Amino acid sequence: MGEAAEYMRDDEEAAAAAASKPHFVLVHGIGGGSWCWYKIRCLMENSGYKVSCIDLRGAGIDPADANSILSFDDYNKPLMDFMSSLPDNHQVILVGHSAGGLSVTQATHKFAKKIRVAVYVAATMLKFGYLTDQDIQDGVPDLSSFGDVYEVGYGLGSEQPPTSAIVKKQFQRLIIYQMSPQEDSTLASMLLRPGPILAILSAKFKEEEEEGTDKVKRVYIKTRHDHVIKPEQQDAMIKRWPPSEVHILDSDHSPFFSSPFVLFGLLLKAAAASV
C-alpha cells in the first residue's frame, strides 16, 4: 500500500511540474501554417513544455480559400476562439511570426489577462494595427527590390484590390529562407498557401480590456538578415512601441528553420523572465 501511495505521489508531482511549465502558443505568418513551427515544437515538447500551434483561416490545413477571407476578424478567428476557450486563470506565452504579430496584438487587446508574455519574432508589432501611412510603411513588407515577386488573386473581381497573394516559387528561397536548410525551404515551397492580404491589411484594433494591451509584457526578436520585414522596419516598430526586451538573431526571416536552437533558447528566456 505504501508503495502504491508513493507511485501516486510521484505521478501527482510529475503532473504538477508539467502544469507549472509555460504553455506556448505559436502563430504563423502570412501564407504559412502551424507546420512552420515543427522544429520548435519538437524541441519544446521534448523538454516537457505544452505547445499549441494555430492554423489561421485559409492557412495550413484550414480548408478556407484565402480569396473568401475579407476581414481580419475572420482570418484571426481560430486564435481568438482558442484564447476564448482557455480557462480564465490560464496564461500562455503567445508567439507570433511575421504577420502573426498582428494576430498576437489583437489577442493582447482582448485577452490581456490570459497572456503572460507576447513574443514577436520578425513580426509586425503595431499597437492598433494598420491605422496610418506610417503603420503601413513600418509593418508591410516591401519586396519591390526583387522585382515582380507576387502571384495575386482577385476574389472580388479584377477591377477590385487583390484579395490574396503568395511569393512566386522561384523567389521564395531567395527572399524568405535564404539562410535556412534547403530541405526546409523545399518543404515550405510545397506547403505555402496564398495569404488573405486584403483581410490582413484591414487589421485595426481598439482597447477592449480595462488594463489594456500595454499591461502585457512584450519581447521582440529581431532578425538581422531579414528580406521580408527589413531590420530598419523592425527597428521603427520597436522605437514606436517599445517592448521590454529586444533580442537579435543572425537569421533570415524564418529563424524557426535557420536558427531553431537559438530561437528556442530565446523563447525559454522570454518565458522565464515573465515569471
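Mentor: Two strands are said to pair if DSSP finds at least two bridges between them, and we shall apply that rule to a model that is predicted.

Trainee: What makes strand E1 and strand E3 a pair?

Mentor: Four bridges join E1 (residues 23–27) to E3 (residues 92–97), and since the rule asks for at least two, the two strands therefore count as paired. They run parallel, and Val25 stands opposite Leu94 in E3.

Trainee: Why are strands E2 and E8 called edges of the sheet?

Mentor: The six strands form an open sheet in the order E2-E1-E3-E4-E7-E8, with parallel pairing. E2 (50–54) and E8 (245–249) each have a single partner strand, so one side of each is left without a neighbour in the sheet. From one strand to the next, the twist averages 20 degrees.

Trainee: Why is the contact between Glu45 and Arg41 called a salt bridge?

Mentor: The cut-off is 4 Å between a side-chain nitrogen of Lys or Arg and a carboxyl oxygen of Asp or Glu; the closest N and O atoms of Glu45 and Arg41 are 3.0 Å apart, so the pair qualifies. Both residues lie in helix H2, four residues apart, which is about one turn of the helix.

Trainee: Why is Asp138 called buried, while Arg240 is called partly exposed?

Mentor: Buried means under 20% relative accessible area, and partly exposed covers values from there up to 50%. Asp138 has 4% and is therefore buried, whereas Arg240 has 42% and is therefore partly exposed. These two residues form a salt bridge, with their closest N and O atoms 2.8 Å apart. The pair links distant parts of the chain, Asp138 being in helix H6 and Arg240 in helix H10, 102 residues apart. Together with Asp135, they are linked in a network of salt bridges.

Trainee: How do you know on which side of the cut-off Lys217 and Glu245 fall?

Mentor: The same kind of reasoning applies: Lys217, at 25%, is partly exposed because its value is not under 20%, while Glu245, at 18%, is under that limit and so counts as buried. Lys217 forms a salt bridge with Glu245, their closest N and O atoms being 3.2 Å apart, and the pair joins strand E7 to strand E8.

Trainee: What makes Tyr38 eligible for the nonpolar patch on the surface?

Mentor: A patch residue needs over 30% relative accessible area and no salt bridge; Tyr38 has 37%, so its area passes that limit. Tyr38 forms the patch with Leu187, Met190 and Leu191, with about 370 Å² of accessible area together. Helix H8 (residues 182–191) provides the largest share, three residues, whereas Tyr38 is found in helix H2.

Definitions and conventions. Residues numbered from 1 in each chain as written. Predicted model: local features only at pLDDT ≥ 70, side-chain atom pairs only at ≥ 80, totals over all residues. Heavy atoms only, no water. Patch = residues over 30% accessible without salt bridge, like charges linked within 9 Å, V, L, I, M, F, W, Y side chains within 5 Å. Areas by Shrake-Rupley, 256 points an atom, 1.4 Å probe, with all protein chains shown as cover. Buried < 20%, exposed > 50% of the residue type's maximum accessible area, 1.4 Å probe, protein only. Axes fitted to C-alpha atoms, helices over the stretch in contact; angles between N-to-C directions.
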